[in-house]
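Open the model in your viewer and keep the sequence panel beside it. The tour goes stop by stop: select, look, move on.

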Amino acid sequence: MKAVAIVSPLMLSVAVQAQDHMHDHAPAEPARTAELECRAQTPPTGELAPWTSPIPFEAGSVVDTAPGLAVGQAANVTLKPTPEVRYALRPEKPGGSVSFGGLIALNVAEAGTFRVALSSGAWIDLVQDGKAVTSTSHGHGPACSGVRKMVDFPLKPGRYTLQLGANGAPQMTVLVARLP
């Protein structure tokens with residue numbers, strides 16, 4: 001007699017959620033079906049409202065000279081080919097020779113939780129004093145907003161380096177916002 005495994009939709013959902021939490025800041029999964037069905041972009045609100053007004057920005061390739069991006073300012077970031085980027089810490093998923101990445105300096109004036117929002121599923125690391133900051137949550141942006149991935153970090157005042165890696169294209173939109 002053959003054994004048959006029965007998996008309920010609830011069990012499958014719990015297993016998928018558990019797997020998602022194992023990789024707190026792993027690249028987001030491919031765009032959801034709802035994103036593919038969007039007929040028009042819906043501007044995000046609240047702390048993500050600046051998403052619709054990005055400035056041109058070129059990511060750096062060396063930590064000491066990484067350009068600074070203001071918290072609350074969205075940017076259309078031009079990335080570097082991965083072999084040109086000198087990360088402060090080697091990303092768990094740096095990408096290969098045909099991927100793109102870059103470095104962005106962030107100055108945090110007041111402690112709080114900060115959300116890094118991306119238009120792609122690139123790998124995110126936030127580094128301070130040579131150590132990675134542990135993320136507290138991750139997810140997708142609002143449906144049809146263009147925000148594909150969001151990762152939250154608890155930050156204290158100071159200078160941080162946002163490391164972006166394993167992106168498949170040389171451009172992405174980035175926003176770092178302080179949560180209320």
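This is a predicted model.

**Stop 1: strand β6**

Select β6, residues 123–128. Five bridges join β6 to strand β10, residues 158–167. The two strands run antiparallel. To see the pairing, pick Val 127, then look across to Thr 161 in β10, which stands opposite. Now colour by accessibility. Is β6 mostly covered or mostly open? Mostly covered: five of its six residues are buried.

**Stop 2: the hairpin**

Stay on β6 and add β7, residues 131–132. These strands also pair in the antiparallel sense, over two bridges. Which residue of β7 is the bridge partner of Gln 128? It is Lys 131. Together β6 and β7 form a hairpin, with two residues between them. Check Asp 129 in that turn: its phi is positive, about 50°.

**Stop 3: Ser 120**

Step back along the sequence to the loop between β5 (112–118) and β6, and select Ser 120. Is Ser 120 buried or exposed? Its relative accessible area is 11%, under the 20% cut-off, so Ser 120 counts as buried. Show its surroundings, skipping residues up to four places away in sequence. Ser 120 touches Arg 148, Lys 149, Asn 167 and Met 172. Asn 167 falls within β10, residues 158–167, and Met 172 within β11, residues 171–178. Then draw a distance inside the loop. A polar atom of the Ser 120 side chain lies 3.3 Å from the backbone nitrogen of Ala 122.

**Stop 4: Gln 171**

Move to β11, residues 171–178, and select Gln 171. Its relative accessible area is 39%, between the 20% and 50% cut-offs, so Gln 171 is partly exposed. Leave aside neighbours within four places in sequence, and its contacts are Asn 76, Val 77 and Thr 78. Zoom in on Thr 78: a polar contact of 2.7 Å joins its side chain to that of Gln 171. Next, add Phe 100 and draw a C-alpha to C-alpha line to Gln 171. The two residues are 71 apart in sequence and 8.5 Å apart in space.

**Stop 5: the whole chain**

Zoom out and show the cartoon. The chain has two helices and 11 strands. Both helices come before the strands in sequence order. Of its 180 residues, 39% count as buried. Among contacts with a separation of 6 or more, 74% link residues 24 or more positions apart. Finish with the surface: about 9900 Å² is accessible, and carbon and sulfur atoms hold 58% of that.

Terms used
Residues are numbered from 1 along each chain as its sequence is written. This is a predicted model: local features need pLDDT of at least 70, side-chain atom pairs count only at pLDDT 80 or more; totals for chains, interfaces and linings use all residues. Side-chain values use heavy atoms; hydrogens and water are left out. Helices (H or I, at least four residues) and strands (E, at least two) are DSSP runs, numbered from the N terminus. Buried means under 20% relative accessible area, exposed over 50%, partly exposed in between (1.4 Å probe, protein chains only). A polar contact is a pair of N or O atoms within 3.5 Å; within protein, one must be able to donate a hydrogen and the other to accept it, and residues adjacent in sequence count only if both atoms are side-chain atoms. Contact means heavy atoms within 4.5 Å. Two strands pair if DSSP finds at least two bridges between them. Accessible areas come from the Shrake-Rupley method with a 1.4 Å probe; for residues, only the protein chains shown count as cover.
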